[in-house]
Each structure stands twice: as C-alpha cells, then as structure tokens.
Amino acid sequence: MTGYNSNGDVATSNGNHNNSNSNGTNGNSNGHSKPVEYTAQELHTYPYEVIQEIADFIVKRAGIRPKIGIICGSGLGSLADIIQDAKVFEYEKIPNFPVSTVEGHAGKLVVGTLEGANVMAMQGRFHFYEGYPLAKCSMPVRVMKLCGVEYLFATNAAGGINPKFNVGDIMLMHDHVNMLGFAGNSPLQGPNDPRFGPRFPALVNSYNRDLINKAIEIGKTMGIESNIHVGVYSCLGGPTYETIAELKALRMMGVDAVGMSTVHEVITARHCDMKVFAFSLITNKCPIEYSDKKDEEANHEEVMAVAKNRQKACCELVSRLICEIQKGS
Ligand SMILES: O=P(O)(O)O[C@@H]1C[C@H](O)[C@@H](CO)O1
Ligand SMILES: Nc1nc2[nH]cnc2c(=O)[nH]1
C-alpha cells in the first residue's frame with residue numbers, strides 16, 4: 001500500500017519513494033503496471049500528489065490543457081454534450097476518482113473544445129449527502145486547476161426562495177451563504193497545502209463581476225432578460241428538501257435560491273485563485289407559507305424535467321459566455 005512519509009513525500013509502505021509515472025501507475029519488475037493505491041485517509045483529504053496524478057492522467061489522454069472547467073448541475077449534463085472533439089472519461093476509469101451516485105449525474109468527464117476554448121466538463125458532481133466529505137466533493141476543482149483551468153463555471157438546480165423567481169428562471173450567483181460552513185464544515189478543513197492557496201482565503205467578490213455583467217447582456221440578446229436574476233445561493237446538506245421554517249429562515253438571511261452543492265466547489269476554486277461564474281436554474285418554487293398543497297412539495301423528477309426543458313437556454317448562455325472570454329484573450 002502506498003503512503004506518505006513524514007516529509008509529505010509519497011512513499012511505499014516499506015519506506016521507498018513511490019515510482020509512479022505520469023499515467024498514475026507503478027511500473028513493476030515484470031514490465032506490467034498497476035494503479036497507484038492510496039489509503040482511505042489519503043483519499044479523504046486528497047493530497048497534492050494524488051490530485052497531480054489524476055490531472056496528469058487526464059491531460060495526457062485528452063492531449064489538451066483545458067482553460068475552462070464546467071460542472072453540470074442536476075439534469076444539466078447536456079452542457080457537456082455540446083463540447084466538440086470530445087474525449088470522454090468515465091469516472092470509474094479515472095484512478096482515485098469518486099463515482100457519481102445521483103440520477104441526472106452521468107459520472108463522466110468530457111474534455112474538448114467549445115467556442116474555440118479548451119474546456120473540461122463534469123457530467124455529474126459529488127454531493128455531501130452521498131456520503132462524501134466536502135474535500136472529496138470539491139476535489140475535481142483542484143484536478144481542474146492542475147489541468148490548467150483558469151475559469152470555473154459551476155451550475156446547479158435550485159429551489160427559488162425569492163418570490164419573484166419562477167420555475168425555469170436562471171439566477172446568476174453573486175454571493176452565497178455557506179450553511180455547511182456555519183455548521184463547521186469546509187472543503188478546506190485539515191492541513192493547508194500552500195501549493196493550492198492560503199490558509200485563510202477571503203471570499204468577498206468570489207463571483208466574477210465582469211462575467212456576471214456579460215451574462216446579463218447575453219441574456220438580453222437571447223430575449224430572456226426577464227428570466228435572468230442576480231442573487232444569493234445557499235447550500236444545505238440535503239438530501240431532504242427544506243421545511244417551511246427553514247425556508248423562512250433562509251429568506252430572512254437574504255437567500256434567493258437553495259440547493260445542495262456548488263458552495264464548496266466555489267470555495268475550493270477561489271482558494272486556488274480561479275475565476276468563478278456560477279448560476280442556478282430554478283427548478284421549483286419554494287413555499288414559505290404552510291399549506292396542504294401537495295404540488296408545492298419539491299421532488300427530484302420535477303427538478304430534472306425542468307432542467308431538461310431549459311437545457312437549450314443554459315447551453316446557449318454558457319457557450320456565448322465562453323465566446324466572450326475567448327474574444328478577450
Ligand atoms: O447537483 P445539483 O446541485 O444541481 O443538484 C440539486 C441538489 C440535489 O442534488 C438535487 C435535488 O433535486 O438537485
Ligand atoms: N436544497 C434544495 N435543493 C434543490 N435542488 C433543486 N431544488 C431544490 C430545493 O428546493 N432545495
């Protein structure tokens with residue numbers, strides 16, 4: 001079993017340095033190679049070397065270094081289907097990568113080009129409620145960073161708490177309330193590796209203002225300006241949807257949309273100095289008054305159906321924003 005020695009260097013269990021090569025395998029005496037193995041504890045925190053091996057594995061096989069990373073929210077996997085010259089990696093086949101367990105999250109990494117930019121997209125993200133620690137949920141963001149990604153586009157399906165929001169609207173995130181953080185949980189918990197970023201990162205202005213403004217302009221030219229809002233997202237642990245009392249509390253805190261993802265990915269991206277653009281597709285309206293109406297209860301089938309209906313608009317918004325980034329570079 002491979003482990004880490006007290007210097008933080010990769011070492012085998014007999015104290016030898018690991019001789020893994022860039023495709024994440026160990027050569028052995030009979031010329032065959034086998035994947036590097038890590039302990040459960042190592043895969044809980046994902047040390048730099050593990051992330052580097054995963055990034056090398058992807059870049060080597062994709063043959064390009066992506067500049068933009070996209071995380072597809074529930075039912076929004078089609079954002080990755082528009083990628084050209086795509087190389088597709090099933091999560092199960094990427095060494096030390098977790099697997100997707102949620103419906104609407106295919107569990108594939110797609111690398112290719114979009115609007116002339118090299119991109120990589122996750123068709124399937126990892127959620128806290130799947131039983132993964134937050135560091136593991138957002139580990140792919142660090143993989144993106146070491147692959148060369150400068151911009152993170154994070155998307156999600158969310159419940160609209162702001163009464164002005166309608167099902168099918170898009171909320172451009174300009175801030176978040178980190179409810180899991182309030183409860184003492186962070187993807188950055190544990191020893192800090194300064195190769196990724198500082199121990200105490202600031203999070204004001206996490207959501208790139210320039211990209212938000214560009215997205216608003218794109219929304220106008222798409223004729224959907226009345227369906228685009230700018231607002232505050234909050235991530236809860238899930239997998240339950242919220243109670244009325246929780247929704248009332250979130251609204252009082254200034255939250256416009258609620259979901260079960262994205263915040264820890266944004267924290268991880270900002271820690272390693274990536275530019276962040278994120279949006280929520282409002283898949284259901286959250287009730288904030290008690291009633292017996294069954295149709296006010298959120299459910300995952302509805303979430304995915306709305307996402308499927310709105311995938312064309314979401315794809316257009318993402319591609320046109322990438323086109324704008326390309327014009328500026
Ligand atoms: O991955 P996202 O945040 O888009 O998915 C949301 C939150 C839950 O995973 C699921 C609930 O319907 O949708
Ligand atoms: N927490 C939460 N996540 C969602 N994802 C889609 N809709 C919802 C919702 O209403 N609440």
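Biologist: What makes you say that β11 is mostly covered?

Modeller: Six of the eight residues in β11 are buried. That word has a cut-off: buried takes 20 or more other C-beta atoms within 10 Å of a residue's own, exposed takes 12 or fewer, partly exposed is in between, and C-beta atoms are placed from the backbone. Keep in mind that this is a predicted model, where local features need pLDDT of at least 70 and side-chain atom pairs count only at pLDDT 80 or more, while totals for chains, interfaces and linings use all residues. As for labels, residues are numbered from 1 along each chain as its sequence is written, and chains are lettered from A and ligands numbered from 1 in the order in which they are written.

Biologist: Why is E242 called buried?

Modeller: E242 has 20 other C-beta atoms within 10 Å, so it counts as buried. This residue is found in the loop between β11 (228-235) and α8 (244-252). Those names come from DSSP runs, numbered from the N terminus: helices are H or I with at least four residues, strands are E with at least two.

Biologist: And why is N284 only called partly exposed?

Modeller: Count again: N284 has 19 C-beta neighbours inside 10 Å, so it lands in the partly exposed class. N284 is found in strand β13. K248, in helix α8, has 16 other C-beta atoms within 10 Å, so it is partly exposed as well.

Biologist: What does E242 touch, and what does N284 touch?

Modeller: Contact means C-beta atoms, placed from the backbone, within 7 Å. Leaving out residues up to four places away in sequence, E242 touches L236, L247, V258 and C286. With that same filter, N284 touches G159, V167, A298, E302 and V303.

Biologist: How do you know that E242 and N284 cluster in space?

Modeller: UniProt lists both under "binding site" in an unreviewed entry; such annotations may be inferred rather than shown by experiment, and positions follow the numbering used here, with feature names shortened. They are spread over 43 residues of sequence, yet the largest C-alpha distance is 12.1 Å.

Biologist: What makes β11 and β12 a pair?

Modeller: Pairing needs at least two bridges found by DSSP between two strands. β11 and β12 have three, in the parallel sense, with S234 opposite V258 in β12. Strand β10 (residues 170-178) also pairs with β11 in the parallel sense, over eight bridges, and L172 has V230 in β11 as its bridge partner.

Biologist: Why is the unit of β11, α8 and β12 called right-handed?

Modeller: Picture the strands pointing away from you: right-handed means the path from the first strand over the helix to the second runs clockwise. β11, α8 and β12 make a β-α-β unit of that hand.

Biologist: Which residues come nearest to ligand 2?

Modeller: Near means a C-beta atom, placed from the backbone, within 6 Å of the molecule. Of the 15 residues around ligand 2, the nearest are A157, G159, G259, A298 and V303. β9 gives the most to this shell, three residues.

Biologist: How do the shells of the two ligands divide?

Modeller: Ala, Val, Leu, Ile, Met, Phe, Trp, Tyr, Cys and Pro count as nonpolar, Asp, Glu, Lys and Arg as charged, and the others, Gly among them, as polar. Ligand 2's shell has nine nonpolar, five polar and one charged. Ligand 1's shell has four nonpolar, eight polar and one charged.

Notes: Two residues are in contact if their C-beta atoms, placed from the backbone, lie within 7 Å.
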